[in-house]
Every structure is written in structure tokens, then in C-alpha cells.
Amino acid sequence: INNILDLATIDAGRMQLNLGSVDIRETMRAAAEGVQDRLVSAGITLDIRAPADIGSFVADARRLRQILFNLLANAVSFSPGGTTVTLLAERRADEVAFSVTDKGPGIPPELLEKVFNWFETHSLGSHHRGPGIGLSLVRSFVELHGGTVTIASVVGEGTTVTCAFPTGTAAKALSAA
């Protein structure tokens, strides 16, 4: 219900971000804690990768955790037991990028853009039975930060969802707004 309320607030143009300095590695750990039970029950390993000196950047810490949690929850839901889900953070030119990679069934090309639609859900042969708002919320929160979301997927091999957040001029303009 809270996710639906968040989407409605964003859609109405009323969502306000609480921007501040966010420790990247700590936020990754916090999001991972939220899916720990799912990992154990599904027999899936989580590999968290980030340079020791990746530091922090300006974002809404609560929303960033929510983004990463939703991505991890999806990846775990679509991954077969005995596989590994990877959460990666890296600094690029003027952005911080987070990627979540799974070894699930992949997303057919004709469904790639639809996965961002509200209440759009496809089990793709998995046990996934979510309401279909996780990726909609992810994209909305990332775009509120001035960032982008991309998906790379190969049917039968898995999916990588990457969220890139600006750290340069775009981030400064966002925090001044």
C-alpha cells in the first residue's frame, strides 16, 4: 500500500526528496538486509561489490534503499536456487551507478519497456507473484533524482538493471531546487 501511495504522490508531482550525503556501501548493506530471509529460503547467494573507497553522494537515503531493495527483491524472485545475485556500485564520469544482476529467465524484448508500467507483472516461468509496481517505483525514484534506469536482458541467461544517479552539475541543480 505504501508503494502505491508513493507512486500516486510521484504521479501528482508532490513527492519531495530528502537529499543528503549517502554512504554508498552502507546503503547497499541496508538494502541487502531487507532481502536476507528471501535469499536464505531460495538458496541464493548475494554478492555485493563496491570499491572500498567509493564513498558517498547526494541522494535521498530512504528512497535509495527502497530502490535497491526493490531491485534485489525482483532479482531474488526470478532467480533459480543455487545461483548468485550481484549488487554492484561504481563511480563513472559524473554519476554513481548501481546494478543488480540475476541469472533468472531474462525478459523477452517485447516486455522490456512494459516492466515499468504500473501493475504490469509477468512470472516468466518463475514463482514471482508481485503486484507489478516495484520497477515503476524504481524508475520514478531514480528519475526524481535526475537519473536513468536501463535494463539489459538475455532470455535464458538473466537480467541486469542499472540505475545511474548524477553527481555533477545535475545533482547540484537538484539539491538547489
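Let me begin with Asn-117, which sits in the loop between strand 5 and helix 5. Please keep in mind throughout that this is a predicted model. Asn-117 is partly exposed, with a relative accessible area of 35%. Its C-alpha atom lies 5.9 Å from that of Ser-136, and the two residues are 19 apart in sequence. Ser-136 belongs to helix 5 and is one of its buried residues, and helix 5 will return later in this talk.

Before that, the overall arrangement. The protein chain contains six helices and seven strands. In sequence order, the pattern reads α-β-α-α-β-β-α-β-β-α-β-β-α. Of the 177 residues in the chain, 44% are buried. Turning to contacts with a separation of 6 or more, 71% of them join residues 24 or more positions apart.

I now turn to helix 4. This helix has 18 residues, and the distance from its first C-alpha to its last is 26 Å, close to the 26 Å expected at 1.5 Å a residue. At its N-terminal end there is a cap: a side-chain oxygen of Asp-60 lies 3.1 Å from the backbone nitrogen of Arg-62. The buried residues of helix 4 include Arg-63, Gln-66 and Asn-70, together with Leu-64, Ile-67, Leu-68, Leu-71, Leu-72, Val-76 and Phe-78.

Two leucines of this helix deserve individual attention. Leu-68 is found in helix 4, and Leu-68 counts as buried because its relative accessible area is 0%, where the cut-off is under 20%. Which residues does Leu-68 contact, leaving aside its neighbours within four places in sequence? They are Thr-27, Met-28, Ala-31, Leu-87 and Phe-98. In addition, the C-alpha atoms of Leu-68 and Val-100 are 8.2 Å apart, with the two positions 32 residues apart in sequence numbering.

Leu-72 is likewise a residue of helix 4, and Leu-72 is buried at 0% relative accessibility. As background, an α-helix has 3.6 residues a turn, so residues three or four places apart point the same way. With residues up to four places away in sequence set aside, Leu-72 touches Ala-31, Ala-32, Val-35, Leu-46, Val-85, Leu-87 and Val-100. Ala-31 and Leu-87 thus appear in the contact lists of Leu-68 and of Leu-72. A longer step along the chain links Leu-72 with Val-161: they are 89 residues apart in sequence and 9.9 Å apart in space, C-alpha to C-alpha.

Next, the packing of helix 4 with helix 5. The axes of helix 4, residues 61-78, and helix 5, residues 134-144, come within 9 Å and cross at roughly 145°. The crossing is left-handed. On the side of helix 4, the contact is made by Arg-63, Gln-66, Ile-67, Asn-70, Leu-71 and Asn-74, and on the side of helix 5 by Gly-134, Leu-135, Leu-137, Val-138, Phe-141 and Val-142. By residue type, this contact comprises seven nonpolar, four polar and one charged.

Is helix 5 itself enclosed or open? Eight of its 11 residues are buried, so helix 5 is largely enclosed by the rest of the structure. Those buried residues are Gly-134, Leu-135, Ser-136, Leu-137, Val-138, Ser-140, Phe-141 and Val-142. After helix 5 comes Gly-146, with a positive phi near 85°.

Finally, two residues in the strands. Thr-86 lies in strand 4, residues 84-92. Thr-86 counts as buried because its relative accessibility is 18%, and the cut-off is under 20%. Beyond residues up to four places away in sequence, Thr-86 touches Asp-47, Arg-49, Ser-99, Val-100 and Thr-101.

Asp-102 is placed in strand 5, residues 95-102. At 9% relative accessibility, Asp-102 is also buried. What does the side chain of Asp-102 reach? It reaches the backbone nitrogen of Gly-104, at 2.8 Å. Apart from neighbours within four places in sequence, Asp-102 is in contact with Ala-75, Ser-79, Val-85, Glu-157, Gly-158 and Thr-159. Among these, Ala-75 is a buried residue of helix 4. Val-76, another buried residue of that helix, has its C-alpha atom 7.5 Å from that of Asp-102, although the two are 26 residues apart along the chain.

Key
Residues numbered from 1 in each chain as written. Predicted model: local features only at pLDDT ≥ 70, side-chain atom pairs only at ≥ 80, totals over all residues. Heavy atoms only, no water. Axes fitted to C-alpha atoms, helices over the stretch in contact; angles between N-to-C directions. Helix = DSSP H or I, 4+ residues; strand = E, 2+ residues; numbered from the N terminus. Left-handed = near helix turned anticlockwise from the far one by under 90°. Contact = heavy atoms within 4.5 Å. Nonpolar A, V, L, I, M, F, W, Y, C, P; charged D, E, K, R; others polar. Expected span 1.5 Å × (residues − 1). Buried < 20%, exposed > 50% of the residue type's maximum accessible area, 1.4 Å probe, protein only. Polar contact = N/O pair within 3.5 Å; in protein donor to acceptor, adjacent residues only side chain to side chain.
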